[in-house]
Structure formats: structure tokens, C-alpha cells
Amino acid sequence: MYAVRLKGTAKTLRVGKVVCLARNYSDHIRELGNETPEKPVLFIKPSSSVIGNREPVVIPDFSKDCHHEVELAVLIGKWAKNVNAKDALDYVAGYGVALDMTLRDVQNDLKKKGLPWEIAKGFDTACPLSDFVPAGEVANPHNLRITLKVNDQLRQDGSTAQMMLRIPEIVQAVSAVFTLEEGDVILTGTPAGVGPVKGGDRMVAEIEGVGRLEIPVQ
Ligand code: MG
């Protein structure tokens, strides 16, 4: 089980489940030709898919199209169930940088057949996570530049201001379905610019004021 550090504190938290929101940036919905969802689209990555900074993403041999998705990660600090949006930030311990690595060919095949996405989203190494910054140190999580470079080339460049569902509403929606526990993580969706990586590439994901992840691809 992977543990993350809350920067500037003695605290480490064991990462539990990683609940992910799909289709939360309209420009990314358009680039994949998806419909804007009426209800939040949620899926889970298992804690076994989490890796830390500088650990490699290993593309499974059954995929030829592994995509990067840079996302703001929300670390849950205490037990939460059926939380109201107005109280939701009380349950957030910190913010970090995540990559929602996605086997796009596998996902498209599963989508076509109406099957679950876990194989495309939850494989080993599919969830690189940075250390987390305490929530109190991030004045406004909805106005941060979020970027991803592959081999120094800028691929994704957005702002968390573009998120359609905001963090309080996301925590409310997620906690209405899944009880959240200390150490669980929520990924809040990706801006436009997703694309493939291959063995030998080097990804650098950054969120202003939150952190940076440097991840090689194998
Ligand atoms: Mg995603």
C-alpha cells in the first residue's frame, strides 16, 4: 500500500481507493467526442495502481495506446458519507498532482461493448501521485494552472477554473455513493490535450502552487 506525505507536516497517509471523475472539463469532452454527462461519471482505481514521483508507468503489453491525463488530486482527511457541498472542504486534507493513465484503445473497446473501464484505468502503475500540500495552503484550488509535458513538449495546458463540477460538489456527489475514508483520493478530471506516451518518454506534470510529478514511461 502506498503512503503519501502531507508537505510541511509529519503526516503520512496510506492511500485507499482513488475515485475518479470523468468528463469534468468541457474542452476535453469535445476532444474525445463524448457527451456532457447529466450526472457525474465516476470510476475507481485500486490503491495497487498508485505509484510515487519518479517511479515508472509500465504500459501493459495488451495496449498500444496509453494516454496521459493530468489531474488535480484531492486527499480526504476524515471519514465522509453523504456530505453536503457547503461542508465538503472540511473533509479535504490536501491537494496534489495526479496522472490518470488510460489505455485508450482498451477503454474504447470496453466502451463500445458497454463494459466497465477498470482494465483501462486501474492497471498497475496507472495512478502516479505527488506528495500533497495541506489544503489550508491553497487559497483557491479552482484557479490553478495545470500542465503536462512529454519530453519537454507542452501537451496539456489548462486551468482548474475550467472544471465544470467544483470540489465541494464533487465531494458531495462522490460521498453520496462511496463512503470516503482518511487517505482516499479523488481525481477531478483532465483538461484538453490528452495523448499517447510510449516507452522511453518522460512526463512532467505540474499544478501551480501544488506540486510537480516527473514520471518516466516503460
Ligand atoms: Mg481522467
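This tour visits a four-stranded sheet and then several salt bridges in a predicted model.

Residues are numbered from 1 along each chain as its sequence is written. Local features need pLDDT of at least 70, side-chain atom pairs count only at pLDDT 80 or more, totals for chains, interfaces and linings use all residues, and side-chain values use heavy atoms, with hydrogens and water left out.

Begin with the open sheet, whose 4 strands run in the order E13-E12-E16-E17 with antiparallel pairing (strands are DSSP runs of E, at least two residues, and helices are runs of H or I, at least four, both numbered from the N terminus; two strands pair if DSSP finds at least two bridges between them). Select 153-159 (E13) and 211-216 (E17): these strands stand at the edges, each with a single partner strand, so one side of each lacks a neighbour in the sheet. Next, select E12, residues 145-150, which pairs with E13 over 6 bridges. Lys149 has Leu154 in E13 as its bridge partner.

Turn now to the salt bridges (a side-chain nitrogen of Lys or Arg within 4 Å of a carboxyl oxygen of Asp or Glu), which number 17. Select Glu182 and Lys11, joined at 3.5 Å, N to O. Glu182 lies in the loop between H4 and E14 and Lys11 in the loop between E1 and E2, so the pair ties together parts 171 residues apart in sequence.

Then select Lys121 and Glu69, a salt bridge at 3.5 Å, N to O. Both residues are buried (under 20% relative accessible area, with a 1.4 Å probe and protein chains only).

Finish at Lys113 and Asp109, whose side chains meet at 3.2 Å, N to O.

Notes. Buried < 20%, exposed > 50% of the residue type's maximum accessible area, 1.4 Å probe, protein only.
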